[in-house]
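Thank you all for making time this morning. I would like to walk you through one protein, beginning with the whole chain and then turning to its cores and to two of its helices.

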Amino acid sequence: MKKIFSKKSNRIKLMVLPFIILLCAGIISYSYLKSKKNISEAEAHQVVAQSYDKKQAGSVESIIEYGEKYSITIHYPFTKNSNIDQKIYSDVILYMNNFKDESNGYDGKQNYLYIDYDSYDIDGEYISVSFNTEKGIYGYAHPEHTVKNYVYKISNGTRLILGDVILEDKTSDFIDAVISGLKDKYEEAKADGENDINALVYEYIAANPYCFYFDTEGMVLKFDVYSIMSGSQGIPEITIPYANVKRFFKPELKISYVENELEKQQEELSASKNIKKAVREIDKNKPMVALTFDDGPHPEYTRSILKALNQHKGAATFYVLGNRATSYPDVIEEIIIQGSEVGNHSWSHSNYSNREVVDIKEDKDKVQNAVKAITGSAPETIRVPYGSTNATVESSVELPIVLWSVDTNDWKDKNSKVIIERATSNIKDGDIILMHDIWGETANAVPEIVKTLSDKGFQLVTVSEMMNARNVDIKKGKKYFSFLKK
């Protein structure tokens, strides 16, 4: 029998094709960041969206950047296993830098990169990470979707290939089972002719030994767009339940993962909570500003900011991402207990202005429900990612849209002195100041910002507190940049 999964042959393939397929076999993320000028809505949503919630291994780390040439949103796991983390992070950074280089050739055109992932801890023996990436470059006929998986043995940090998992004499039977599952799922896979699915699947698996991962249900294989079927099928995928696939496993591969830990975690989060919030008194006649922080929470930096606010009896509004809120529910609780508030900033920082009404509502509601499960109450306001709105967004979010009047550009400069200067100079009564609590430089700047603004006589209030103090007629879907005193 032909040996398909040998490590020697795979090393040769990887030398010939380095990094062509980055971020392989991931659960398709629900959100899509796409260029406003060159990629149609239908094209951006060609691939069916999947759930974000499957982040069981490690904590969420995020890279979010945006400028004139590009916007970048990347989520990746931090597992506390240095071997695994270093390898994954290196791949992510390499892909991001390649994207930036590619974007530099299109001055004045908006390109985008969006990466999200699912992760699983399998029996404490393996960490399984499944990435999906979508890239839009000006001039592309379609967004580019690519997929990549990592399955690591925790004890030694070894990344597994299919040859480490499947018995050699069961290889053909295993692939036949994959093909059978694809034919059951996809009508197109049943067709014979020039693009015979059997040959294409055999070729793909031979050339892509990392095209699998493990989740709570079984072994999952995903195939790049156009690799085995037409582009209309998106990223083909097949899950073989553990009960059916174990007969192909090598005996040293011990997986007894049957309990769905994700459902268990969601049930625990759904337990009714009523977090006691600090009682605050606001003087409507005194100047006030609202400090706001996007893209968190962060387990270290958000707590540092809360400590600085406490020292001057201040509060702030934290516009959180749902996928990070569910990863750090204890930090969300601490925000409320301190007297600050939580706002909605989408589930994973997708661009609402490029999406349909039903998609926007579902994404927004997902965050509302997640925060309510943690704190007992849902956010009262939303800040849409990138501050990008249109009529569709405004009619869909069903919450007041809070933007900003002062932008520190902390994400761009990452310089504490510059951030302090921008957040404290020429500030007016009723300003809303934008910062991000996922950057250490911002967290380092906040103590001085809080002290300086307090010394100038400003009360540091939440957005909701400022709304109430100004007696503004708040409307759902309306944009608010500040609440300047008239």
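Accessible areas, as I use the term here, come from the Shrake-Rupley method with a 1.4 Å probe. By that reckoning the protein exposes about 20600 Å², and carbon and sulfur atoms supply 49% of this area. Please keep in mind that what you see is a predicted model, with 17 helices and 18 strands. Of its 486 residues, 55% count as buried, and among contacts between residues at least 6 apart in sequence, 73% join residues at least 24 apart.

Let us move to the interior. The largest nonpolar core has 37 residues, and those that touch the most other members are Phe174, Val201, Phe214, Met219, Leu221, Phe223 and Phe249. Several elements each supply at least two residues of this core, among them strand S3, helix H6 and strand S9, while H5 gives the most, with five residues. If we take phenylalanine 223 as an example, and leave out residues up to four places away in sequence, its contacts include Val147, Val178, Leu182, Tyr204 and Ile238. There is also a second, separate core of 34 residues, which includes Leu309, Trp347, Val367 and Ile419.

Ile419 brings us to helix H15, residues 416-424, where the buried residues are Ile419, Ala423 and Thr424. Why do these residues sit on the same side of H15? They do so because they cover an arc of only 110 degrees around the helix axis. It helps to recall that an α-helix has 3.6 residues a turn, so residues three or four places apart point the same way. The buried residues of H15 pack against helix H14, strand S16 and helix H16. At the N-terminal end, H15 is capped by asparagine 415, a side-chain oxygen of which lies 3.0 Å from the backbone nitrogen of lysine 417. After the helix comes asparagine 426, with a positive phi near 55 degrees.

Finally, consider helix H11, residues 329-338, whose buried residues are Val331, Ile332, Ile335, Ile336 and Gln338. Seen down the axis of H11, these residues fall within an arc of 170 degrees, and therefore they line one face of the helix. They pack against helices H9, H10 and H12 and against strands S12 and S13. Just after H11, glycine 339 takes a positive phi of about 110 degrees.

Terms used:
Residues numbered from 1 in each chain as written. Predicted model: local features only at pLDDT ≥ 70, side-chain atom pairs only at ≥ 80, totals over all residues. Heavy atoms only, no water. Buried < 20%, exposed > 50% of the residue type's maximum accessible area, 1.4 Å probe, protein only. Helix = DSSP H or I, 4+ residues; strand = E, 2+ residues; numbered from the N terminus. Arc of directions from axis to C-beta. Contact = heavy atoms within 4.5 Å. Core = buried A, V, L, I, M, F, W, Y, C linked by side-chain atoms within 4.5 Å. Polar contact = N/O pair within 3.5 Å; in protein donor to acceptor, adjacent residues only side chain to side chain.
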